[in-house]
Amino acid sequence: MTTTIPSLTSDQVDRYFEYIQLPHEYRRYRNPKLDIALLTTIHTYHVSTIPYENIALHYAPSAYISLEISDIYHKFIERGRGGYCMENNIFLYHVLSFLGFQVYLAGARLHRDTKSNSPGWSGWEHAVNIVTLADHTRYLVDVGYGGDGPKTPLPLVAGEIAPNIGTQELQLVYGTIDGLSDAKQRMWIYQFRNATDCPWTPAYAFTETEFLRRDFEVMSYYTSQHPQCFLTSNLLVIKFLREGSNVYGKTILDQDKVKENLGGKSVLIKTCRSEEDRVQVLRDRFGISLTEEEQKGIIGRKSELVQ
């Protein structure tokens, strides 16, 4: 007996395309080819409309993230919110699947630097999409990593350097990671550098193993509930900025600091001094309006701004 996987309806996909203002030549009624042009355009307009954010872990009576596609759709399209990695990439997976792309979800390990409480490679905490096109080319499609995430799909090719925002460059390498006892095990490693004279920084590593919904439920329980996970103690909102079809920068709210990156370094724009101040920033800079109940939900949390 097979289980029916909940999916998006045609009306919901059309409304999503309208919400992200996808150019009309890529809308369903134009019957566009399932090629890299369509894939890139959806990626670009998604990341520049739907922010990366973990607000539901802070401004809420109880911290909870639902991975049900109906709940994510309501949150993104009907409430004008965003979500963290699994929400964004699971949602995109359903969109691409509906359109007919050959796509599946995989899990990834995050890499944290020495400033972190737990430096090195994490457990499975991130989700990515792997898409295979009709010409057999394969792409990493990730709309949920946040600030150093790709602005467009990346070919699943080792060592091919791709431009990102401003002077930042990206590449995938295929190799081993520290901590594995079997040195023959290899993974795709997503790396970035902020200029050609900077060293490459590993961000996450993933295999080509398909992950199931229950895998992500286990992963999301840790990332949304464990006190040692950065996301449960710090508010983070990232919105990519787009002009035409080009993503050129990003606005970031990192706990109390508002930063802007217009293609170079991140510049501190403002420091929020109170909850009222931060709620206004969410509304004015990110278009996110919180209910009174949600605003009260942060009282007593570690992330609350106390005057």
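Let's start with Leu305: is this residue buried or exposed? Leu305 has a relative accessible area of 13%, and buried means under 20%, so Leu305 counts as buried. Please keep in mind that everything I show today comes from a predicted model.

Where does Leu305 sit? You'll find it in the segment after helix 8, which spans 292-296. Now look for Ser274: the two residues are 31 apart in sequence, yet their C-alpha atoms are 5.4 Å apart in space. Ser274 is also one of the residues that Leu305 touches. Leaving out residues up to four places away in sequence, the others are Gln255, Asp256, Cys272, Glu275 and Arg278.

Hold on to Cys272, please, and move to Val281. This valine belongs to helix 7, residues 275-286. Its relative accessible area is 6%, so Val281 is buried as well. Which residues does Val281 touch, if we again skip those up to four places away in sequence? They are Leu253, Val258, Lys270, Cys272 and Phe286. So there is Cys272 again, in contact with Val281 and with Leu305. For a contrast, try Ser224: it is 57 residues from Val281 along the chain, and the C-alpha atoms of the two are separated by 23 Å.

Now let's travel back to the beginning of the chain. Helix 1 covers residues 10-19, and in it Val13, Tyr16 and Phe17 are buried. Why do we say that they line one face? Looking down the axis of helix 1, the buried residues fall within an arc of 100 degrees, so they share one face of the helix. Here is a handy rule: an α-helix has 3.6 residues a turn, so residues three or four places apart point the same way. The buried residues of helix 1 pack against helix 2, helix 3 and helix 4. After helix 1 comes Gln21, with a positive phi, near 60 degrees.

Helix 3, residues 69-78, can be read in a similar way. Its buried residues are Ile69, Ile72, Tyr73, Lys75, Phe76 and Ile77. Down the axis of helix 3 they fall within an arc of 170 degrees, so they too line one face. Among the elements covering them are helix 1, helix 2, strand 1 (52-53) and helix 4. Following helix 3 is Gly80, whose phi is positive, near 70 degrees.

Next, a pair of helices. How do helix 2, residues 36-47, and helix 4, residues 85-99, meet? Their axes come within 12 Å and cross at roughly 145 degrees, and the crossing is right-handed. Helix 2 brings Leu39, Ile42 and His46 to the contact, while helix 4 brings Asn88, Phe91, Leu92, Leu96 and Leu99. Sorted by type, six of these residues are nonpolar, two are polar and none is charged.

Finally, the cores. In soluble globular proteins, nonpolar side chains tend to be buried together. Here the largest nonpolar core has 52 residues, and those with the most contacts inside it are Tyr16, Phe17, Ile42, Met86, Phe91, Phe101 and Phe216. Helix 4 contributes the most to this core, with nine residues. Apart from it there is another core, of 18 residues, including Ile130, Leu172, Tyr190 and Phe192.

One last residue to click on is Phe101. Beyond four places in sequence, Phe101 touches Leu34, Asp35, Leu38, Leu39, Leu96, Val131 and Leu133. Of these, Leu39 and Leu96 also take part in the contact between helix 2 and helix 4. Thanks for listening!

Methods. Residues are numbered from 1 along each chain as its sequence is written. This is a predicted model: local features need pLDDT of at least 70, side-chain atom pairs count only at pLDDT 80 or more; totals for chains, interfaces and linings use all residues. Side-chain values use heavy atoms; hydrogens and water are left out. Axes are lines fitted to C-alpha atoms, for helices over the stretch in contact, and angles run from 0 to 180 degrees between N-to-C directions. Helices (H or I, at least four residues) and strands (E, at least two) are DSSP runs, numbered from the N terminus. A crossing is left-handed if the near helix is turned anticlockwise from the far one by less than a right angle, and right-handed if clockwise. Contact means heavy atoms within 4.5 Å. Ala, Val, Leu, Ile, Met, Phe, Trp, Tyr, Cys and Pro count as nonpolar, Asp, Glu, Lys and Arg as charged, and the others, Gly among them, as polar. A nonpolar core is a set of buried Ala, Val, Leu, Ile, Met, Phe, Trp, Tyr and Cys residues joined through side-chain atoms within 4.5 Å. Buried means under 20% relative accessible area, exposed over 50%, partly exposed in between (1.4 Å probe, protein chains only). The arc is that of the directions from the helix axis to the C-beta atoms.
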